[in-house]
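Visitor: I've got this one open on my screen and would like a quick walk through it. Can you start with the terms?

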Amino acid sequence: MTQRINLPEKSFDKTPYNIYQDEHFTVTTMQYDTGVAGLKISNNRGYIVILPFQGFMIWDAVFDQLSLKMASAFDKPYLGTQVTDTYGMFQFTSGVLASGTPSETDQHPLHGEYPMTKIDHIYLEFDQDNIIIGGEYEYVKGFGYHYRTHNTVIMHAASALIDIGLKVTNLSNYQTMPLQYLNHLNYCYVNGATMSANVPENALKLRRSIPAHVKPTANWRAFNRELQTSGEVIEVLDDGSRFDPEIVYMSTDLRPFVDRAVFKMSLPDGPTCVTAFSTKELPFVTRWLLHNPDQQVAAFAIPGTSHPDGYNAASQAGTLIHLVAGETQSFTVTTGIGE
């Protein structure tokens, strides 16, 4: 029988406290010295740390003694108002009224309004083999949009894979709302790692535009021209200097190729990281590679409803979702170390 525990914010204190434990799972509440609440969920393969009241971010995911998250200047999460205030996480929700990097014509912040959202209600549900961490949030603006989100992360007994879910419901009685979403997975950069997928290589295309936050160097421009000429899709992380600043690939619509996309990153003499998702729910994927002394990330698969070029680009491309009054849309991504 499924059981449920509600977790009010006052449950999270600077002294870690095990609020639940059984033969498969341990759940610990805590608070960083920055004031950010953390929820650590462990099984016999490792653990994840969710920031339940800060956009329901997954700050870290450690399985088989390997931290899967990017390297950054942030050794802990910080409070803030925008995603760059604490950019060292494993995963965050980019959206939901807009997502990605805004262009000069966009009005939304980087990665939308959601990443640092104060989630309203947190709970645990568990049975013998699974534990669900859930978060519910209601967004409402006068003369604006009104929606509810339901975030979930499911951890399984004896597994290094987790299921990340998002459900969005338009609560307006009459108004259609835009919906744009990226499940932004920031995986670790490991030299020698090899990336692969069950879609054709030419489904990934090098990004030609240069966002405002990218400051090109002469070497980077030369490497980009080389990639554009050859059409090469980088699949091996063999020279980090080529990814400063970032190299980004964006896919074509994946629905014609597979119903379920599976992207992998095999680490040398180590495990294989996996990200899998329904292409009906998430038709596009982005690959983001960055390596410099301050940040190293190999986001080998960021699933999304569109490319990460902001609201107006999605609207012009016809990939912006229009959620009618009362409609709900759901997304699920499975990620972690493959079994």
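Guide: Helices (H or I, at least four residues) and strands (E, at least two) are DSSP runs, numbered from the N terminus. This is a predicted model, where local features need pLDDT of at least 70 and side-chain atom pairs count only at pLDDT 80 or more, while totals for chains, interfaces and linings use all residues. Residues are numbered from 1 along each chain as its sequence is written, and side-chain values use heavy atoms, leaving out hydrogens and water.

Visitor: How many strands does the chain have?

Guide: DSSP gives the chain two helices. Alongside those helices, the count of strands is 23.

Visitor: What is the radius of gyration of the chain?

Guide: The C-alpha trace spans about 55 × 55 × 40 Å along its principal axes. For 339 residues, a compact globule would come out near 20 Å (the rule is 2.2 Å times the number of residues to the power 0.38, over C-alpha atoms). The chain agrees with that, at 19 Å.

Visitor: What share of the residues count as buried?

Guide: Buried means under 20% relative accessible area, exposed over 50%, and partly exposed in between (1.4 Å probe, protein chains only). Of the 339 residues, the buried share is 52%.

Visitor: Which residue follows Gly95 across a cis peptide bond?

Guide: The bond after Gly95 is cis, with omega near -10 degrees. Its other partner sits in the loop between strand E8 (91-94) and strand E9 (121-126). That residue is Val96.

Visitor: What is omega for the peptide bond from Asp244 to Pro245?

Guide: Pro245 is in the loop that runs between helix H1 (218-230) and strand E17 (247-251). The bond leading into Pro245 from Asp244 is cis, and omega is near 0 degrees.

Visitor: Ala158 has a positive phi, but is Ala158 buried, partly exposed or exposed?

Guide: Phi of Ala158 is near 60 degrees, and this residue isn't a glycine. Ala158 lies in the loop between strand E11 (146-156) and strand E12 (161-170). Its relative accessibility is 44%, so Ala158 counts as partly exposed.

Visitor: What is the relative accessible area of Asp269?

Guide: Asp269 is another non-glycine with a positive phi, about 55 degrees. Look for Asp269 in the loop between strand E18 (260-266) and strand E19 (272-278). Asp269 is exposed because its relative accessible area is 90%.

Visitor: Where is Glu201?

Guide: At 44% relative accessibility, Glu201 counts as partly exposed. You'll find Glu201 in the loop between strand E15 (194-197) and strand E16 (204-206).
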